[in-house]
Amino acid sequence: MAGRRDWSESDVRVRPNPKGNRPRTKQRPEHGNAQAALVLAVDRGRYHLLTDDGVRLVAMKARELGRSSIVVGDQVDVVGDTSGSKDTLARVVRVHDRRTVLRRSADDSDVIERVIVANADQLVIVTALADPEPRPRMVDRCLVAAFDARMDALLCLTKADLADPEPFTQLYRTLDVASVATYREGVTIHGLEALREQLAGKVSVLVGHSGVGKSTLVNALVPDADRATGVVNTTTGRGRHTSSSAVALELPGGGWIIDTPGVRSFGLGHVDPATFVDAFADLAAVAQDCPRGCTHTADAPDCALDEWVASGAAGAAGEARLESFRRLLTSRSGDSD
């Protein structure tokens with residue numbers, strides 16, 4: 001055929017790699033010699049870890065993990081220099097599946113969730129009974145996030161010398177939420193032993209407004225924690241933020257607490273109200289008879305939960321529990337105060 005040319009390898013031009021590095025491949029190393037570790041803190045792209053061998057070290061995230069998030073409480077695998085020596089940097093190459101994930105969003109209209117901590121067993125909601133005044137709606141919203149994450153919840157009521165804790169705890173009794181009350185007298189914190197019992201052997205996340213005494217409790221529970229403490233603004237009634245990042249601290253008697261920065265709001269845009277009832281086993285069993293798409297709110301037509309109460313099958317305790325559940329459900333779209 002006219003114009004035909006026989007090609008050889010010398011006619012092929014290979015464009016050089018402008019970056020001078022190796023071409024990317026989808027194959028990833030298995031890292032069979034990686035060490036398991038717990039993420040204690042995250043600071044500007046550096047991860048403070050504790051290996052299963054008890055070595056504390058600093059690591060960065062390996063490139064193959066991409067944009068996946070790593071948070072306090074994550075169980076990870078790490079390679080490289082795992083000696084923990086000064087100025088050494090290891091690499092996190094794998095993040096294990098999470099047992100639980102505590103999330104919150106910027107507000108209720110934002111469905112983009114922010115993971116706060118991973119693998120925690122219970123959420124400890126720290127609130128003062130006075131100075132500043134307690135905010136039940138904020139507590140409700142924290143409970144929604146805890147139940148949605150399938151975590152236990154504990155109310156820690158501080159400054160019990162200024163107000164009786166009983167009226168506040170009564171609001172949550174039907175939800176089976178445990179509570180402890182504490183107050184400070186000089187250098188002594190009364191109720192601290194009861195709190196220690198609730199925390200022993202568990203991974204607990206402490207959440208609360210600034211100024212409620214959360215950092216004071218942390219310093220008492222873990223003497224070398226050295227968490228900064230602040231005071232309440234007399235004009236606004238709010239505390240200033242004293243903890244700037246979450247950190248996991250090992251309890252002397254066993255277990256872990258994860259201290260988080262003080263929060264002003266707790267967005268629940270990531271929580272689907274239609275599935276929230278699943279966190280309440282007794283109510284969920286009744287709700288199976290609800291019409292499709294039932295919101296389970298007080299104005300929901302033909303809600304089986306209303307019939308359950310009206311028939312007397314729920315009893316006084318069940319009726320009170322339904323009221324508490326609906327209060328939490330309402331907080332999903334209500335004011336965070």
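How many helices and strands does the secondary structure of the protein come to? In this predicted model, the tally is 8 helices and 15 strands. The chain runs to 337 residues, and 44% of them count as buried. Its accessible surface adds up to about 18800 Å², with carbon and sulfur atoms accounting for 48% of that area. As for how the chain meets itself, take the contacts between residues at least 6 apart in sequence: 64% of these join residues at least 24 apart.

M151 gives a local view of such packing. This methionine sits in the loop between α1 and the strand β9 (152–158). Is M151 buried or exposed? With a relative accessible area of just 3%, M151 is buried, since the cut-off for that label is under 20%. Once the neighbours within four places in sequence are set aside, its contacts are T100, L102, A120, D121, Q122, L123, A146 and V205. One of these partners, A120, is 31 residues away from M151 along the chain, yet the two C-alpha atoms are 7.4 Å apart.

Turning to internal space, the structure has 1 cavity of 30 Å³ or more. The volume of the largest cavity is about 70 Å³. Which residues line it? The lining is made up of I125, V126, T127, R135, M138, V139, C142, V207, G208, H209 and V263. Three elements each supply two or more of the lining residues: the strand β8 (122–128), the helix α1 (136–148) and the strand β13 (203–208). Sorted by class, the lining comprises 7 nonpolar residues, 3 polar ones and 1 charged one.

Then there are the cysteines. A disulfide is a covalent bond between the sulfur atoms of two cysteines. How many disulfides does the model contain? With a pair of cysteine sulfur atoms required to lie within 2.5 Å, the count comes to 0. Why is C290 not bonded to C303? The cysteine sulfur closest to that of C290 belongs to C303, but at 3.8 Å it is too far away for a bond. C294 is in no disulfide either, and its nearest cysteine sulfur is again that of C303, 3.9 Å away. Both unpaired residues are tucked out of reach of the probe to a fair degree: C290 counts as buried because its relative accessibility is 12%, and C294 counts as buried with a value of 12%.

How values were computed: Residues are numbered from 1 along each chain as its sequence is written. This is a predicted model: local features need pLDDT of at least 70, side-chain atom pairs count only at pLDDT 80 or more; totals for chains, interfaces and linings use all residues. Side-chain values use heavy atoms; hydrogens and water are left out. Buried means under 20% relative accessible area, exposed over 50%, partly exposed in between (1.4 Å probe, protein chains only). On a 1 Å grid over the protein atoms alone, a cavity is a set of points where a 1.4 Å probe fits but cannot get out, and a pocket is an open set with protein on both sides within 12 Å along at least five of seven lines; lining residues have an atom within 4 Å of a point. Grid points are joined across faces, edges and corners, and a volume is the space filled by probe spheres set on the points. Helices (H or I, at least four residues) and strands (E, at least two) are DSSP runs, numbered from the N terminus. Ala, Val, Leu, Ile, Met, Phe, Trp, Tyr, Cys and Pro count as nonpolar, Asp, Glu, Lys and Arg as charged, and the others, Gly among them, as polar. Contact means heavy atoms within 4.5 Å. Accessible areas come from the Shrake-Rupley method with a 1.4 Å probe; for residues, only the protein chains shown count as cover.
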